[in-house]
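Me: I'm new to this one, so please take a close look at the side chains for me. I'd like to hear how they pair up, or fail to, in one connected walk-through.

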Amino acid sequence: MLCSVVIPLYNKAPYIDAALASVLAQTHADWEVVVVDDGSSDDGPARVQACLDPRVRLVRQANGGVSRARNRGIAEARGELVCFLDADDWYAPDYLRTQVGMALAYPAESYFATGFKAVTPGADARLAAAPALPQDVELVDDFYARCNRQWISFFTSSVAARRSALLPLQPCFPEGEQFGEDLDLWFRLAERHRLVQTALPLVAYRLDVGGSLSAISGRDVVLPVFARLEQRARSWPASDPARRPALLLVSNARVVVARELLEAGRRSAALAEMGRAMRDGVTRHWYSTAIMCLLFTPSMTRRWSAWRKSRITA
C-alpha cells in the first residue's frame, strides 16, 4: 500500500532533515513524501532538494498558511493512504507499517491514528520500538463521547486517512485559521468514518519549536471549529447518538473560554459565555465554573487554574 506523507514546510530548516530521515528509515518501504514549501525564507527547501531519494517531492507555493499547504499536499498525493507529518516532528521506524497494518485489518474504515510522545530538549525521545499488534488496536464507535471522557489522544502528525475519504472533504483544513484547523478535519472525518487507533507512541511531537500548534486554552473567544461543530450537531436528528456528546464538547469549549475571561477580570463576558454553554448541555465542569464566576476573584481563578494544571502534568 502506497503511503503519501504530506509535510508542510515554512522556515523549519533546522528540523526538516530529521523529519525526512525518519521517513527514509521506515520499515514499510512503499511511500512517497510530498513536501509543500509554503514560501520559506530559509534554506529548508534546499535541504529537501538535497535529498536524492526519488520518492521525495518538493512542491512550492506562495505563503498561505499551514492549512493551505496541507490541502495542497493532499491534492498532490498519489498514495491510497495519506499521512501527515509536521516538519519539526518525526516518526518511529514502524509508524507507516502500523498505519498500513490497521488499514489492511480494517478495510471498511478510512480514519487511523497512533499515539505520540511530547518531547522537550534533553527529555527521553525514545518511541515505541515495534509496530502495533492486533490487541493494541481499538475501533472507536463513540468519538465525541470519548472526547468528553478523555481529550483526543492523537495529533496531526499521528493521523492517516484514505485519500478517497479526504478528497470529498477538500479543503480538508480550513484556510486562514491558526488555531483548531486540524480539529476541524478530525471532527468531520469522525462524523463519516469510525476511528481505528492504537495508543502506542509512534510519533514525536517537538514542544520547543516556535510556531508549533498551540493548545485550545488561552483563548477569549470560542474557536470557529467548535462553532461549526455546534451548527452541524444541531442539524442532526435527536435520535443520533453523536448529537448530545458533540454538543457537550462545544459546551466544554465555551466553559474553557469563560474561565479565561474570568481570569482576565471580565466577569460579565464570562457569565455570557456560560449562558451560551448552557444551551448545549451542562456538566460538572460547567457547574464548577459557574461557582467560580459567582464567587472567585480573577486572582483566585488564576491560582486555582495553576493548581489544576500542576495536578494534570504531575
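Reply: Let's start with sulfur: in Cys83 the sulfur has its closest cysteine sulfur in Cys3, and at 4.6 Å that is too far for a bond. Keep in mind that this is a predicted model. A disulfide would need the two sulfur atoms to be within 2.5 Å, so the 4.6 Å between Cys83 and Cys3 doesn't make it. Cys83 itself is buried, with a relative accessibility of 0%. Now hop over to Cys172, whose closest cysteine sulfur belongs to Cys83, 14 Å away, which again is too far for a bond. Cys172 is buried as well, at 0% relative accessibility. The disulfide count for the model comes to zero.

On to charge. Side chains of opposite charge can pair when their charged atoms come close. Here the count of salt bridges reaches 29.

Take Arg47 and Asp17, a salt-bridged pair whose closest N and O atoms sit 3.0 Å apart. Arg47 belongs to helix α2 (residues 44–49) and Asp17 to helix α1 (residues 13–24), so this pair ties together parts that are 30 residues apart in sequence. Both ends are partly exposed: Arg47 has a relative accessible area of 30%, and Asp17 comes in at 37%.

Another one to look up is Arg194 with Asp141, a salt bridge of 3.1 Å from N to O. This pair links distant parts of the chain, 53 residues apart, with Arg194 in the loop between α7 and β9 (195–206) and Asp141 in the loop between β7 (137–140) and α5 (143–149). Arg194 is partly exposed, with 35% relative accessible area, while Asp141 is exposed at 56%.

Next to Asp141 in the numbering comes Asp142, which has a salt bridge of its own: Arg149 is the partner, and the closest N and O atoms are 3.3 Å apart. Asp142 is partly exposed, with a relative accessible area of 29%, whereas Arg149 is exposed at 56% relative accessibility. Elsewhere, salt bridges with shared partners join Glu230, Arg234, Arg254, Glu273, Arg276, Arg279 and Asp280 into one network.

So what about a charged side chain that goes without a salt bridge? Asp182 is one: this residue is buried, and the nearest side chain of opposite charge, Arg70, is 5.7 Å away. A salt bridge has to fall within 4 Å, so the 5.7 Å to Arg70 rules one out. You'll find Asp182 in helix α7 (residues 181–190). The Asp182 side chain does have polar company, though, in a 3.1 Å contact with the side chain of Thr156.

Right after Thr156 in the numbering is Ser157, which is a good last stop. Ser157 sits in the loop between α5 and β8 (159–162) and is buried, with 0% relative accessible area. The Ser157 side chain makes a polar contact of 2.9 Å with the side chain of Asp89. Leaving out residues up to four places away in sequence, Ser157 touches Phe84, Leu85, Asp86, Asp89, Tyr91, Tyr95 and Val203. Asp89, then, is in that list of neighbours and is also the polar partner of Ser157.

How values were computed: Residues are numbered from 1 along each chain as its sequence is written. This is a predicted model: local features need pLDDT of at least 70, side-chain atom pairs count only at pLDDT 80 or more; totals for chains, interfaces and linings use all residues. Side-chain values use heavy atoms; hydrogens and water are left out. Helices (H or I, at least four residues) and strands (E, at least two) are DSSP runs, numbered from the N terminus. Buried means under 20% relative accessible area, exposed over 50%, partly exposed in between (1.4 Å probe, protein chains only). Lys and Arg count as positive and Asp and Glu as negative; His and the chain ends are not counted. A polar contact is a pair of N or O atoms within 3.5 Å; within protein, one must be able to donate a hydrogen and the other to accept it, and residues adjacent in sequence count only if both atoms are side-chain atoms. Contact means heavy atoms within 4.5 Å.
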